[in-house]
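Trainee: I would like to follow one part of this protein closely rather than skim over the whole chain. Please choose a stretch where surface and side-chain contacts can be read together, and take me through it with the cut-offs.

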Amino acid sequence: MKHQETAQEIIKAVGGTNNINSVYHCVTRLRFDLKNNDKVDNNSLKKLDKVMGTNISGDQFQVIIGNDVSKVFDAMVKEHPAIQQSTENKQAKPEKNKNVILNIFETIAGVFAPMLPAITAAGMLKGLLALFVSLEWMSAGTDTYRILSAIGDGVFYFLPLLIAVSAARKFGSNPFVAIALSTALMYPDMGALLSSGESVAFIGIPVTAVSYASSVIPILLAVWLMSYVEKWVDRVIPAALKLLLVPLITLLVMVPVTLIAIGPLGTFVGSGLSGGINWLLNEGGLIAGIVLGGAMALIIMTGMHYALVPIILSNIATLGFDKFLPLTFISNMGQAGATLGVFFRAKDKKLKTVALSTSFTALMGVTEPAMYGVNMKYKKPFAAAMIGSAVGGGFALAFGAKAYVLAGNGGLPGLPSLIGQTFWYSFGGMILAFVVGAIVSTVFGIKEEEGDAEALAQFSPGASAAPAAAPSSNAANVNVDDMGAPIPTNDAVAIAPMTGKAIALKEVNDPTFGDELMGKGVAFVPTVGELVSPVTGTVMNVFKTKHAIVVRSDNGMELLIHVGINTVKLRGQYFEAHVATGARVQVGDKLLTFELDQIAKEYDITTAMVVTNTADYKQVLPVKLGAISIGEEVLKAEI
């Protein structure tokens, strides 16, 4: 699916443009501020090829895309420019009992996430310059170095300007007035006045000397208060004078208030937060590293790490280093190692391929495919990743590991941000997290049949069923591909494999089948606990738990029949198989019997029958729905 089509489908699934207040993206996710999260169609989102999953952090709805997130975002904004930024007249969301601390974290995340591309680019350049100087590839005194340094340092020196724009969009105020506010604070003569050492006053009120270059909290608080001042002034000023007087009065009020009260308060708050976090990281050492390293994946999942960006930036600007950032690198390595462990233990070739590729992606700093696609899916690898990260984090902080710039990438490409006196301690922590995560994940292992999605992964649409005996030589209408799998050569018909009621597949209360992820087909609500072969052909797979079976017809149609929803958890109880993998069967031959009444006490007994090689056919359609008996034609696949 093209990015434009994906963008349109995502907008439709989140409730349309009328339900979107704003949207921006980070490295891997689209982050929506929606009027009503209840209007989101999660099932439609999960069916999209580009969508890895969804998440809700507070009120923010997140769509996880991966590496192509910027392309999807650009396509989205190209068609609907207005959704990129907040407007002043948002429709109010339904009132909820909100956690104040969580709301603060969300607000900070919403301000800083759009700025990250600029910040991380500058941070990466600063890291590379430090590397070039340490390797003596460049001299710090050259004109080239000074120009490149200006690119890297300029963003951090004028950081209040970036914060002003992003905060104004977040709080619904005029971004240009916010910039005017921040430029007044950073005007050279203002800096000289405040740093002169002489007492400074505004209409007799003392002004505290504060340096606003590279500051974070003061301008954030100032723009937040400015949003209320601006809106109040806008309400009381006549329409004919708004353009002139609203920004003028706003600035005349906010610049002095910021200099007199907000600036010193923001500096105090920022210093207090930084001091508290730094005290924990400095004094906690090994214990802090174990706890924070192990919990880092959970912190990142909730988006709370964005709330620490102001502290990280403040540390780098004032101290020249930060001790929290190395833990993000270490957490990524833990996820990468755990996924590699899945690669070692998995038997399914498709899963091994996915695990190996996502492990590499995590090494490069993008962990969502590994975290959501593999580790959380199988649970034990996610625990292994946290254990590895805890070991690596404990090692790193025990030796005082530091990051010296904010490079923005927590993988191998971001290593320049760690270059300094403690580089090898940070790197050692990363290696430990990767190795321990891989070992623990390999030892823990996975249960590939743990959930239906996992157990059925090898039977994805268009994939060949598990290998078994080759079709017999007397099978009719058989052509085979290079792997020996039959290629459908004509239309195919399947009979009802059980007695009961035939229903549309979309009525199955399981997205694996209901959303046709496995292929098209039909479903049944059985009234008798007997399953027969719907075609003449070969039994390609009888699941160990006996709740599902795959049959390939002689003319190439592959049918997966899955009895009940989540019945894999019964681990074979109440089921009896009458055939084995590789057996030849005639249409109507008994495949399984099951204790229908016992299973129905615990699970939905709806049975899905899908054509797993749907892509080989022009269309796959039910022939009959409603009351049905074994032997009646129920499904047709047309070439």
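Mentor: What follows is a reading of one pair of helices, with a brief look at a sheet at the end.

This is a predicted model, in which local features need pLDDT of at least 70 and side-chain atom pairs count only at pLDDT 80 or more, while totals for chains, interfaces and linings use all residues. Residues are numbered from 1 along each chain as its sequence is written, and side-chain values use heavy atoms, with hydrogens and water left out.

The helices are H16 (380-398) and H17 (423-444), named as DSSP runs numbered from the N terminus (helices H or I, at least four residues; strands E, at least two). On the surface, Ile 387, Val 391, Ile 431, Leu 432, Val 435, Ile 439, Val 443 and Phe 444 make up a nonpolar patch with about 640 Å² of accessible area together. Patch residues have over 30% relative accessible area and no salt bridge, with nonpolar side chains (Val, Leu, Ile, Met, Phe, Trp, Tyr) joined within 5 Å and like charges within 9 Å; areas are Shrake-Rupley values with a 1.4 Å probe, and for residues only the protein chains shown count as cover. Both H16 and H17 supply at least two residues of this patch, but the largest share, six residues, comes from H17. Phe 444, found in H17, has a relative accessible area of 39% and is therefore partly exposed (buried is under 20%, exposed over 50%, partly exposed in between, with a 1.4 Å probe and protein chains only).

Aromatic contacts also involve H17. Rings of Phe, Tyr and Trp (its six-membered ring) pair if their centres lie within 6.5 Å, with planes under 30 degrees apart counted as stacked, over 60 as edge-to-face and the rest as tilted; by this rule the structure has ten aromatic pairs. In one of them, Phe 399 and Tyr 425, the ring centres are 4.8 Å apart and the planes stand at 10 degrees, so the pair is stacked. Because Phe 399 lies in the loop between H16 and H17 whereas Tyr 425 belongs to H17, this contact ties together parts that are 26 residues apart in sequence. Phe 399, at 45% relative accessibility, is partly exposed, and Tyr 425, at 34%, is partly exposed too. Trp 424 and Phe 427 form an edge-to-face pair, 6.0 Å centre to centre with 80 degrees between the planes. Trp 424 and Phe 427 both lie in H17, three residues apart, or about one turn of the helix. An α-helix has 3.6 residues a turn, so residues three or four places apart point the same way. Even so, Trp 424 counts as exposed at 64% relative accessibility, while Phe 427, at 23%, counts as partly exposed. Phe 395, Phe 399 and Tyr 425 form one aromatic cluster.

Elsewhere, a salt bridge (a side-chain nitrogen of Lys or Arg within 4 Å of a carboxyl oxygen of Asp or Glu) joins Asp 554 and Arg 584, at 2.6 Å from N to O. Asp 554 sits in the loop between strands S14 (548-553) and S15 (558-562), and Arg 584 in strand S17 (residues 584-585), so this pair ties together parts that are 30 residues apart in sequence. Asp 554 is buried at 15% relative accessible area, whereas Arg 584, at 34%, is partly exposed.
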